[in-house]
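User: I'm new to reading protein models, and I'd like a close look at one part of this one. Could you take me through a salt bridge and the region around it, step by step?

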Amino acid sequence: MAQRDRQNISGIHLCPAAISCHHKLLLLNLSKVYVILNFLFQSKKKGLSLEEKRTRMMEIFFESKDVFQLKDIEKLAPKTKGITPMAVKDVLQSLVDDNMVDSERVGTSNYYWAFPSKALHARKNKLEDLQKQSSDAKQRKTAIQKAVEKAKVGRQDTKERSSLLKELKALREERTQLQAEVEKYRECDPEVVKELKKSNVVAKDAVCRWTDNVFAIKSWTKKKFSFDDSRINKAFGIPEDFDYME
């Protein structure tokens, strides 16, 4: 009897299955509310991206169609567009650098403005430029496709072509081996021998010049300090049999 009374509230009879279904719907609704609140909290926590700040600042100029000083923007942007005061100056300068906002110094103050007509003209030019790039890219693609099709002519995978490719590969390997053999006997090449002889003559002349210099120093030392040859050779590390090359 008590159980029947708990299931009968305000004259409405609820069976256990209905109560279970009601609980499920309640939990589902609570889950949706949690997801929405969490999304709003994360969005607020994350803040605006740089591009969003730039877009909102441009809205200030387009909506008002007025000229502003920096101090005016610093007041308007946080209040009307949710841009943090610390970011206003950097965002505005980025728009000036990209020629989206005009700026001019008058006296001691800088003035900023941007009109929709200029932005529309800039977008139109950008669109035309992108369309031209797209057209050029399509033309290059068509030219490449034609070149590929032309290159395929005569290169079909036939038995004759496969045989010729194998022969070509064998000839290239043979050429590589022959080049290696030629390199082994390079020192016997008449042209190489001729160059070596020239180099030897130059080297011998250089040795003779330095030999002259050594004997000149020895002669000067003898006269200056009255040293004999053995003492000079020992002091400078000159071999006793030091002489000109023949």
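Analyst: Happy to! Let's start with Glu59, which makes a salt bridge with Lys81; their closest N and O atoms are 3.0 Å apart. Glu59 belongs to helix H3 (residues 50-64) and Lys81 to helix H4 (residues 70-81), so this pair ties together parts that are 22 residues apart in sequence. Please keep in mind that you are looking at a predicted model.

How much of each partner is open to the surroundings? Glu59 counts as partly exposed, because its relative accessible area is 30%, a value between the 20% limit for buried and the 50% limit for exposed. Lys81 has a relative accessible area of 11%, so this residue is buried.

Lys81 has a further partner. Glu63 also forms a salt bridge with Lys81, and here the closest N and O atoms are 3.3 Å apart. Glu63 sits in helix H3 and Lys81 in helix H4, so this pair ties together parts that are 18 residues apart in sequence. Glu63 itself is exposed, because its relative accessible area is 56%.

Now let's follow the chain onward from helix H3. Lys65 is in the loop between H3 and E3. What is the sign of phi at Lys65? Phi of Lys65 is positive, near 50°, in a residue other than glycine. That deserves a second glance, because most residues other than glycine have a negative phi. Lys65 also counts as exposed, because its relative accessibility is 54%.

The loop leads us to strand E3, and with that to a sheet. Three strands make up this open sheet, in the order E3-E5-E4, with antiparallel pairing. Strand E3 (68-69) and strand E4 (102-106) are at the edges; each has a single partner strand, so one side of each is left without a neighbour in the sheet. What holds the strands of a sheet together? Strands of a sheet pair through backbone hydrogen bonds, in either a parallel or an antiparallel way.

Let's look at each pairing in turn. E3 is joined to strand E5 (residues 109-113) by two bridges, and these strands run antiparallel. Phe68 is opposite Tyr112 in E5. E4 and E5 also pair in the antiparallel sense, over five bridges. Here the bridge partner of Ser103 in E5 is Tyr112. If you find Tyr112 in the picture, you can trace both contacts: one to Phe68 and one to Ser103.

Gln69 is another residue of strand E3. Is Gln69 buried or exposed? Its relative accessible area is 17%, so Gln69 is buried. Gln69 also shows how folding can bring together stretches of chain: its C-alpha atom and that of Arg105 are separated by 10.0 Å, although the two residues are 36 residues apart along the chain.

E4 and E5 form a hairpin with two residues between the strands, and in this hairpin Gly107 takes a positive phi near 70°.

Let's step back to salt bridges. How many salt bridges does the structure hold? There are six. One of them links Asp229 and Lys222, with the closest N and O atoms 2.4 Å apart. Both residues are partly exposed, because Asp229 has a relative accessible area of 34% and Lys222 a relative accessibility of 34%. Elsewhere, Glu51, Arg54 and Asp98 are joined into one network by salt bridges that share partners.

Along the chain from Lys222 you come to Ser226, in the loop between helix H8 (190-225) and H9. Ser226 has a positive phi near 60°, again in a residue other than glycine. With a relative accessibility of 64%, Ser226 counts as exposed.

After helix H9 (229-236) comes the segment that holds Asp243. Asp243 is exposed, because its relative accessibility is 51%. Together with Glu240, Asp241 and Glu246, Asp243 is part of a patch of negative charge on the surface.

Finally, here is the wider setting for everything we visited. The protein chain has nine helices and five strands. Read along the sequence, their pattern is α-β-β-α-α-β-α-α-β-β-α-α-α-α. Of the 246 residues in the protein chain, buried ones make up 13%; Lys81 is among the buried residues, and so is Gln69.

How values were computed. Residues numbered from 1 in each chain as written. Predicted model: local features only at pLDDT ≥ 70, side-chain atom pairs only at ≥ 80, totals over all residues. Heavy atoms only, no water. Patch = residues over 30% accessible without salt bridge, like charges linked within 9 Å, V, L, I, M, F, W, Y side chains within 5 Å. Areas by Shrake-Rupley, 256 points an atom, 1.4 Å probe, with all protein chains shown as cover. Salt bridge = Lys/Arg side-chain N within 4 Å of Asp/Glu carboxyl O. Lys, Arg positive; Asp, Glu negative; His and termini not counted. Charge placed at Lys NZ, Arg CZ, Asp CG, Glu CD. Helix = DSSP H or I, 4+ residues; strand = E, 2+ residues; numbered from the N terminus. Buried < 20%, exposed > 50% of the residue type's maximum accessible area, 1.4 Å probe, protein only. Pairing = 2+ DSSP bridges.
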